[in-house]
Amino acid sequence: MDNSPIIRFRLDREIAERAHRMAAERGLELPDIMRMMLTKAVRIGDFSIDREEPPNTAPPIDRSLGPYEPRYWADALAVLDAETALAVLHQAIADRTAWLDEGLTSKEPDLQRLEAIRNERDEACDLLESFDPRSADAVARILDRFSPDPAPDPKPEAKG
């Protein structure tokens, strides 16, 4: 922020207090909100403050962080990716454990498939044991390896 200007202005106390509460409810500080609002206004070329009522349209479901300054989001995104990788890893271990239990109780267990599932679970357990959430490579490796496919049912077919 070496060349960033500092902007100061006065605001009615009641409005300022309400704005601070609204920002806090969203986990943000008021200066963050003001930066985001001004950035968006400049990006779309419109302040859109002439409406008295909020628009009746729902906000878009896929809201990209693209219009916001990356320097404010980089650390948060890295943490979210690490949390996601950890959740995916735990889910992979739980799924494979359940698949093993189901496969072992079937009338004709597919031993090769069960061995592959056990190896996958062991791999996931090893990754969990050595997981460093600060390592972007470790996070990417987990997400690439264990993120669920968009296919409807990743569960292996059970025989029996």
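Reader: Why does alanine 82 count as buried?

Author: In this predicted model, alanine 82 has a relative accessibility of 7%. The term buried applies under 20%, so alanine 82 falls in that class.

Reader: Where does alanine 82 lie, and which residues is it in contact with, leaving aside its neighbours within four places in sequence?

Author: Alanine 82 belongs to helix α3. With those neighbours set aside, its contacts are Phe131, Pro133 and Val139. Contact here requires heavy atoms within 4.5 Å. In addition, the C-alpha atoms of alanine 82 and arginine 134 are separated by 7.6 Å, although their positions lie 52 residues apart along the chain.

Reader: What makes arginine 134 exposed, and how is aspartate 132 classed?

Author: The relative accessible area of arginine 134 is 75%. Exposed means over 50%, so arginine 134 is exposed. Aspartate 132, at 27%, is above the limit of 20% for buried and below the limit of 50% for exposed, and therefore counts as partly exposed.

Reader: How do you know that arginine 134 and aspartate 132 form a salt bridge?

Author: Their closest N and O atoms are 3.1 Å apart. The criterion asks for a side-chain nitrogen of Lys or Arg within 4 Å of a carboxyl oxygen of Asp or Glu, so the pair qualifies.

Reader: What network do salt bridges that share partners form?

Author: Glu115, Arg118 and Asp122 are joined into one network by such bridges. Within this network, the side chains of arginine 118 and glutamate 115 meet at 2.5 Å, N to O. That value lies within the 4 Å cut-off, and the contact is therefore a salt bridge.

Reader: Why are arginine 118 and glutamate 115 separated by about one helical turn?

Author: The two residues are three residues apart in helix α4, which spans residues 111–129, and this spacing places them about one turn from each other. Arginine 118 has a relative accessibility of 33% and glutamate 115 one of 36%. Both values lie between 20% and 50%, so each residue counts as partly exposed.

Reader: How do you know that arginine 145 and glutamate 123 form a salt bridge?

Author: The closest N and O atoms of arginine 145 and glutamate 123 are 3.2 Å apart. Since the limit is 4 Å, the pair is a salt bridge. It links distant parts of the chain: arginine 145 is in helix α5 (residues 136–146) and glutamate 123 in helix α4, 22 residues apart. Arginine 145 is partly exposed at 34%, as is glutamate 123 at 32%. The search of the whole structure finds six salt bridges.

Reader: What makes the charged end of arginine 145 sit over the ring of phenylalanine 146?

Author: The charged end lies 4.7 Å from the centre of the ring, and the distance limit is 6 Å, so the distance part of the criterion is met. The arrangement is assigned as a charge over the ring. Aromatic pairs, by contrast, number zero in the structure.

Reader: Which residues of helix α3 lie by phenylalanine 146, and how are they classed?

Author: Arginine 96, in helix α3 (residues 70–104), touches Phe146 together with Ile117, Glu120 and Arg121, not counting residues up to four places away in sequence. Its relative accessibility is 11%, under the 20% limit, so arginine 96 is buried. Alanine 92, also in helix α3, has its C-alpha 6.4 Å from that of phenylalanine 146, with 54 residues of separation in sequence. At 3% relative accessibility, under the same 20% limit, alanine 92 therefore counts as buried.

Reader: Why is phenylalanine 9 called exposed?

Author: Its relative accessible area is 52%; the class begins over 50%, so phenylalanine 9 is exposed. Phenylalanine 9 is placed in the segment before α1 (13–25). A nonpolar surface patch is formed by Phe9 with Ile7, Leu11, Ile15, Met34 and Met37, and their accessible area together is about 610 Å².

Reader: What is the overall secondary structure, and what percentage of the residues count as buried?

Author: The chain has five helices and zero strands, following the pattern α-α-α-α-α. Of its 160 residues, 18% count as buried. About 13200 Å² is exposed, 54% of it supplied by carbon and sulfur atoms. Among contacts with a separation of 6 or more, residues 24 or more positions apart account for 61%.

Conventions. Residues numbered from 1 in each chain as written. Predicted model: local features only at pLDDT ≥ 70, side-chain atom pairs only at ≥ 80, totals over all residues. Heavy atoms only, no water. Helix = DSSP H or I, 4+ residues; strand = E, 2+ residues; numbered from the N terminus. Buried < 20%, exposed > 50% of the residue type's maximum accessible area, 1.4 Å probe, protein only. Areas by Shrake-Rupley, 256 points an atom, 1.4 Å probe, with all protein chains shown as cover. Phe/Tyr/Trp six-rings, centres within 6.5 Å; stacked < 30°, edge-to-face > 60°. Lys NZ or Arg CZ within 6 Å of the ring centre and 35° of its normal. Patch = residues over 30% accessible without salt bridge, like charges linked within 9 Å, V, L, I, M, F, W, Y side chains within 5 Å.
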